[in-house]
Amino acid sequence: MAAILRSSRYAGFYLVLTLIALVFVGPYLLTFFAALKPESGVYGTAPWSPPHSLYLGNFHTVLVSDYFLRFLENTAGVTIVLTIGQVTFGVLAAYAFARLEFPGRDWLFSVYLATLMVPNIVTLVPLYTIMREVHLVNTYWALFLPYVLGTPYTIFLMRQYFRSLPGDIFAAARIDGCSEFTILTRILIPMGRPIIVTATLIAFVFGWNNFLWPLIVTDSPDKTVLTVGLASLQSYYVQHWNLVLAGSLVALIPLLVIFAVFQRQIVRSIQLSGINR
Amino acid sequence: MRRYPARRLAAAGGCAALLTVAVACSSAPSTSGGSGGSGNGKINLTYAQWQTGETPGYQKSIDVFEKAHPNIHVTIETIPYNNYQTKLTTEFSSGGGPDIFWVNTPMIASWLKDGVMENLTAKIKAAHINLGQYLPTLVALHEFGGKLYGLPKDWDTIAYFYNINYFKKHHITIPASLSWNPSTGGSWLQFLRELTTDTSGHNALSGSFNPNSVATYGMDDPNEMQWGFEPYLAEDGVKLINAPYAKTVSFDTPAGVSTFQFLSNLMYKWHVALPGAALGTDAAADTSEDVQNFAKGKVAMIEAGDWITSGLPSEVKFPVGVLPFPAGPDGNWTVLNGLIDSINSHSPNQQAAWELEQWLGSPASEKILGGGGYIWPGIPSLDPLFLQYWKSKGIDMQPFLTESKWHVVYWPVTPGMNNAQLDIANQLAPAYLSGKNVAAAVSAAAKQANDDLASAG
């Protein structure tokens, strides 16, 4: 009797889990189905019905369209620069805020952290005005400059982690004559690897999915990023869902690859940051 | 922890500031976006629009323009419609933005108030541009206090696209004239009853018709202003606002309520229009749920603007026809809308932008766009080109053209209308989704819209 009860409890448990998984997997599955249907199939059949045949026309249309590969290239380039910049400068800043002592350090950190509370939309116009004044509108510089020197969130995250490392190690290194650079490269970075991986992933996903700022600051197709380019296919008046979803699927591939490669670190990053962004 | 003295920090800060200035100064100037020349003696213009499908047509036209103006280069900037006004307003607020840009009716009032659209009245007069060549109602739509802020480029009206195969299968003959009224429904209701069939094949005129098992509804009835309720309101003598720049809406009248009640009855009393829930969570069909239901055979006709025509051949697997709007108690009315190209008053390239403006509004450019089936040209003498293009593709677009000669009502032009439009849809949604409390929903929609217009100043 107890075994039957346990089995039925497990069955119920797995049923609930399966339903929850379906809710999360569903949109991706529908995207996949729609990307493999011709436009008349997307409109004329139920979204959950699988495609009758492997129709690759949407991918062909998207990939040979004038600018899609350029959009992809722009997104990849900007994301790589943003990720490298945010992590490099973020580590330096977090180290300074965590382990160096200088006048006004905590005050400066508080002020910097306070910018975390300001929504992006508030700084949009001033930021655009600055870019315009220095003639950077519609350039790659404009796409990454506002974010490449680190973001309050990742610096805060890394600073907290660096502070949790035992202070005696750093003191011992200094007694042994290590320079700050040596401490940073030989001690802090190896010990802070989990949080640095987390910061890298956050920066990458942010760069890849960024929409509003690239939309505002770029004007020409040769500087457009993927998110903005895909949104253009989805006009208010005419919506080519087959192309939008095929393009979205292509855009998703790098993120899926990153997930597959760094699966363990991602799970660990969620534990470390406590936030799944 | 290591301690750093203030002097050393100040020096580091100074270095950082110098570096920032150096980076900024070493950057090349922007090559577009109203920022002047590119360094090779050419003037770069940016032309902003939102219609990806029309971009090839505009590119063809601009190629011809660039040949005639070798010192001007034009970049077409396609911006998603939902972000169009946000992006441009952000740019305008810092003195930037495209040199020349599309303006849709809901955007006019805000941008006029902000002073970002160049008044072209004097230039048009000096260049002896014949405004009489354009559709008069289209010119009137964009004339404010005797001033014009752009040359009209295209227009659209609202009609019904129908499934020719379905009509043939059910032996439907389209009556020569159709009319509706809010009390009996008129010949329009009879026609819709004939069109609506249940899963057993009975139409809604039959006593055996099962309203709980409808296979195909006669039409859709979206909770949308332009291609939903505005044409019906106009035909019942109701205007959304009484005049341009009105501070309050005017659809919450007994006639307005009875029009909305009629539309609700089509769905929930007579069961001849697709229930609102099939058109999205707000019943507004704003992510093309109408075309999806049309393609699936759930509706025999959809109410829509001519701009969806280019997408239809690939979206549906049957031939489509076009039916004009039925006449209402107040006669034949349509919602006429159109776009203008406006010049950014902050653009440093005023003369070049004016050259492009003239070209885009000229018969030569309109011929390229109309003849390619991209737009109904704003110059009526060229409309046959668009008609011909679609006739060759098997779609007779004549009803849209016929409607453009009817009484017309416009999208309401007043500050805050963009927000009000969304709020009206939100407040009407419960009635569209349930068929209940129509009068209360209309009243709530009007109240919310009035608040929006008041707060827009």
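Domain bounds here come from an automatic or database domain assignment. The model is predicted.

**Exercise 1. The two domains of chain A**

Task: State how chain A is divided, how far apart the C-alpha centres of its domains lie, and what the side of domain 1 that touches domain 2 consists of.

Solution:
- Step 1. Take the bounds. Domain 1 of chain A covers 1-55, and domain 2 covers 64-273.
- Step 2. Take the separation. The C-alpha centres of domain 1 of chain A and domain 2 of chain A are 33 Å apart.
- Step 3. Count the contact. Domain 1 of chain A puts in 8 residues, and domain 2 of chain A puts in 7 residues.
- Step 4. Find the elements on the domain 1 side. Both α1 (2-35) and α2 (39-44) of chain A supply at least two residues each. The largest share, 4 residues, is from α1(A).
- Step 5. Sort by class. This side of domain 1 of chain A has 5 nonpolar, 1 polar and 2 charged residues.

**Exercise 2. Helix α4 of chain A against α8**

Task: Work out how α4(A) and α8(A) are oriented to each other, and list the residues that meet.

Solution:
- Step 1. Locate the helices. α4 of chain A spans residues 68-99, and α8 of chain A spans residues 152-164.
- Step 2. Read the geometry. The two pack at an angle of about 45°, and their axes are 8 Å apart.
- Step 3. Classify. Roughly parallel needs an angle under 35 degrees, and roughly perpendicular needs 65 to 115. α4(A) and α8(A) are therefore oblique to each other.
- Step 4. Assign the hand. α4(A) and α8(A) cross in the right-handed sense.
- Step 5. List the contact. From α4(A) come A:Q86, A:G90, A:V91, A:A93, A:A94, A:Y95, A:F97, A:A98 and A:R99. They meet A:T154, A:I155, A:M158, A:R159, A:F162 and A:R163 in α8(A).
- Step 6. Sort by class. The contact of α4(A) with α8(A) has 9 nonpolar, 3 polar and 3 charged residues.

**Exercise 3. Helix α4 of chain A against α7**

Task: Treat the packing of α4(A) and α7(A) in the same steps.

Solution:
- Step 1. Read the geometry. α7 of chain A, residues 140-148, packs with α4(A) at an angle of about 25°, and the axes are 9 Å apart.
- Step 2. Classify. The cut-off for roughly parallel is under 35 degrees. So α4(A) is roughly parallel to α7(A).
- Step 3. Assign the hand. The crossing of α4(A) and α7(A) is right-handed.
- Step 4. List the contact. A:V78, A:V81, A:L82, A:G85 and A:Q86 of α4(A) meet A:Y140, A:L143, A:F144, A:Y147 and A:V148 of α7(A).
- Step 5. Sort by class. The contact of α4(A) with α7(A) has 8 nonpolar, 2 polar and no charged residues.

**Exercise 4. The six-strand sheet of chain B**

Task: Give the strand order of the open sheet of 6 strands, name its edges, and place the helix that packs on the sheet.

Solution:
- Step 1. Write the order. It is β3-β2-β4-β14-β7-β15 (chain B), and the pairing is mixed.
- Step 2. Find the edges. β3 (72-78) and β15 (376-377) of chain B each pair on one side only.
- Step 3. Inspect one pair. β4 (residues 100-103) and β14 (residues 337-343) of chain B are antiparallel, with 4 bridges. B:F101 stands opposite B:S342 in β14(B).
- Step 4. Add the helix. α13 (residues 350-360) of chain B packs on the sheet and touches β2 (43-49), β3, β4, β7 (151-156) and β14 of chain B. The direction of α13 makes about 155° with that of β14(B).

**Exercise 5. The three-strand sheet of chain B**

Task: Describe the open sheet of 3 strands and the helix that packs on the sheet.

Solution:
- Step 1. Write the order. It is β11-β8-β12 (chain B), with antiparallel pairing.
- Step 2. Find the edges. They are β11 (301-305) and β12 (320-323) of chain B.
- Step 3. Read the turn. On average, neighbouring strands of this sheet are turned by 35° against each other, direction ignored.
- Step 4. Inspect one pair. β8 (residues 158-163) of chain B is joined to β11(B) by 5 bridges. B:I158 stands opposite B:G305 in β11(B).
- Step 5. Add the helix. α9 (residues 225-235) of chain B touches β8 and β11 of chain B, and its direction makes about 100° with that of β11(B).

Methods. Residues are numbered from 1 along each chain as its sequence is written. Chains are lettered from A and ligands numbered from 1 in the order in which they are written. This is a predicted model: local features need pLDDT of at least 70, side-chain atom pairs count only at pLDDT 80 or more; totals for chains, interfaces and linings use all residues. Two residues are in contact if their C-beta atoms, placed from the backbone, lie within 7 Å. Ala, Val, Leu, Ile, Met, Phe, Trp, Tyr, Cys and Pro count as nonpolar, Asp, Glu, Lys and Arg as charged, and the others, Gly among them, as polar. Axes are lines fitted to C-alpha atoms, for helices over the stretch in contact, and angles run from 0 to 180 degrees between N-to-C directions. Angles under 35 degrees count as roughly parallel, over 145 as roughly antiparallel, 65 to 115 as roughly perpendicular and the rest as oblique. A crossing is left-handed if the near helix is turned anticlockwise from the far one by less than a right angle, and right-handed if clockwise. Two strands pair if DSSP finds at least two bridges between them.
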